[in-house]
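Open the model in your viewer and keep the sequence panel visible. The tour goes from one selection to the next and says what is there.

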Amino acid sequence: MAEKLEGAARAEALTTLGESGWAEVDGRDAIHKTFVFKNFTRAFGWMTQVAIVAEKMDHHPEWSNVYKTVEVTLATHDVDGLSALDVTLAAKMDRLAS
Ligand SMILES: C[C@H](O)[C@H](O)[C@H]1CNC2=NC(N)=NC(=O)C2=N1
């Protein structure tokens, strides 16, 4: 079971994530980022790669896709907030998009 990210560890993680465009969601302990790709094929290809990573982690994004844009929200439902799993998945998403 994941542990809820709190205190200094949470603040530090949010600072680092903020540098790559992740922001806290209003009214919910979750993070959000908008990924914009060159075209639909790139966006969907990235989603496919992320889906495999997410399934291996047993940690799944909330996301939607319109053409070349993917809106992503990450949270850990089991703890009703953020955990290290969200930080790890966010970093993997960034790396696969770069
Ligand atoms: C039973 C299963 O391991 C859990 O429901 C997993 C699946 N994927 C998950 N994904 C996310 N984002 N949060 C969770 O708490 C979560 N829990």
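Which residue of β4 is the bridge partner of V66? Select T69, the partner of V66 in β4. Before going further, note that this is a predicted model, in which local features need pLDDT of at least 70, side-chain atom pairs count only at pLDDT 80 or more, and totals for chains, interfaces and linings use all residues. Residues are numbered from 1 along each chain as its sequence is written.

**The whole chain**

Show the protein chain as a cartoon: three helices and four strands should appear. Helices (H or I, at least four residues) and strands (E, at least two) are DSSP runs, numbered from the N terminus. Read from the N terminus, the elements come in the order α-β-β-α-β-β-α. The radius of gyration is 13 Å, close to the 13 Å of the globule rule for 98 residues, so the chain is as compact as a globular protein of that length. That radius is taken over C-alpha atoms, and the rule is 2.2 Å times the number of residues to the power 0.38. Along the principal axes, the C-alpha trace spans about 40 × 25 × 25 Å.

**The sheet**

Next, select the four strands, which form an open sheet in the order β1-β2-β4-β3 with antiparallel pairing. β1 (23-24) and β3 are the edge strands, each with a single partner, so one side of each has no neighbour in the sheet. Two strands pair if DSSP finds at least two bridges between them. β1 and β2 (residues 31-36) pair over two bridges, and E24 has I31 in β2 as its bridge partner. β3 and β4 pair over five bridges, also in the antiparallel sense. At the turn of their hairpin, with two residues between the strands, select Y67, whose phi is positive, near 50 degrees.

**Helix α2 and V50**

Now colour α2 (40-57). This helix has 18 residues and reaches 25 Å from its first C-alpha to its last, close to the 26 Å expected at 1.5 Å a residue; the expected span is 1.5 Å times one less than the number of residues. Within α2, pick V50. Is V50 buried or exposed? V50 is buried, because 21 other C-beta atoms lie within 10 Å. The cut-offs are 20 or more such atoms for buried, 12 or fewer for exposed, and partly exposed in between, with C-beta atoms placed from the backbone. Leaving out residues up to four places away in sequence, V50 touches P61, M93 and L96; contact means C-beta atoms, placed from the backbone, within 7 Å. From V50 to P61 the C-alpha distance is 8.9 Å, with their positions 11 residues apart in sequence.

**Two loops with positive phi**

Just after α2, select D58, with a positive phi of about 55 degrees. D58 sits in the loop leading to β3 (62-66) and is exposed, with 7 other C-beta atoms within 10 Å. Then move to D80, in the loop between β4 (69-74) and α3 (84-97). D80 has a positive phi of about 55 degrees although it is not a glycine, and is exposed, with 11 other C-beta atoms within 10 Å. Most residues other than glycine have a negative phi.

**The ligand**

Finish at the ligand. Which residues surround the ligand? They are D58, H59, H60, T76, H77 and D78, where near means a C-beta atom, placed from the backbone, within 6 Å. This shell divides into no nonpolar, four polar and two charged residues. Here Ala, Val, Leu, Ile, Met, Phe, Trp, Tyr, Cys and Pro count as nonpolar, Asp, Glu, Lys and Arg as charged, and the others, Gly among them, as polar.

How values were computed: Contact = placed C-beta atoms within 7 Å.
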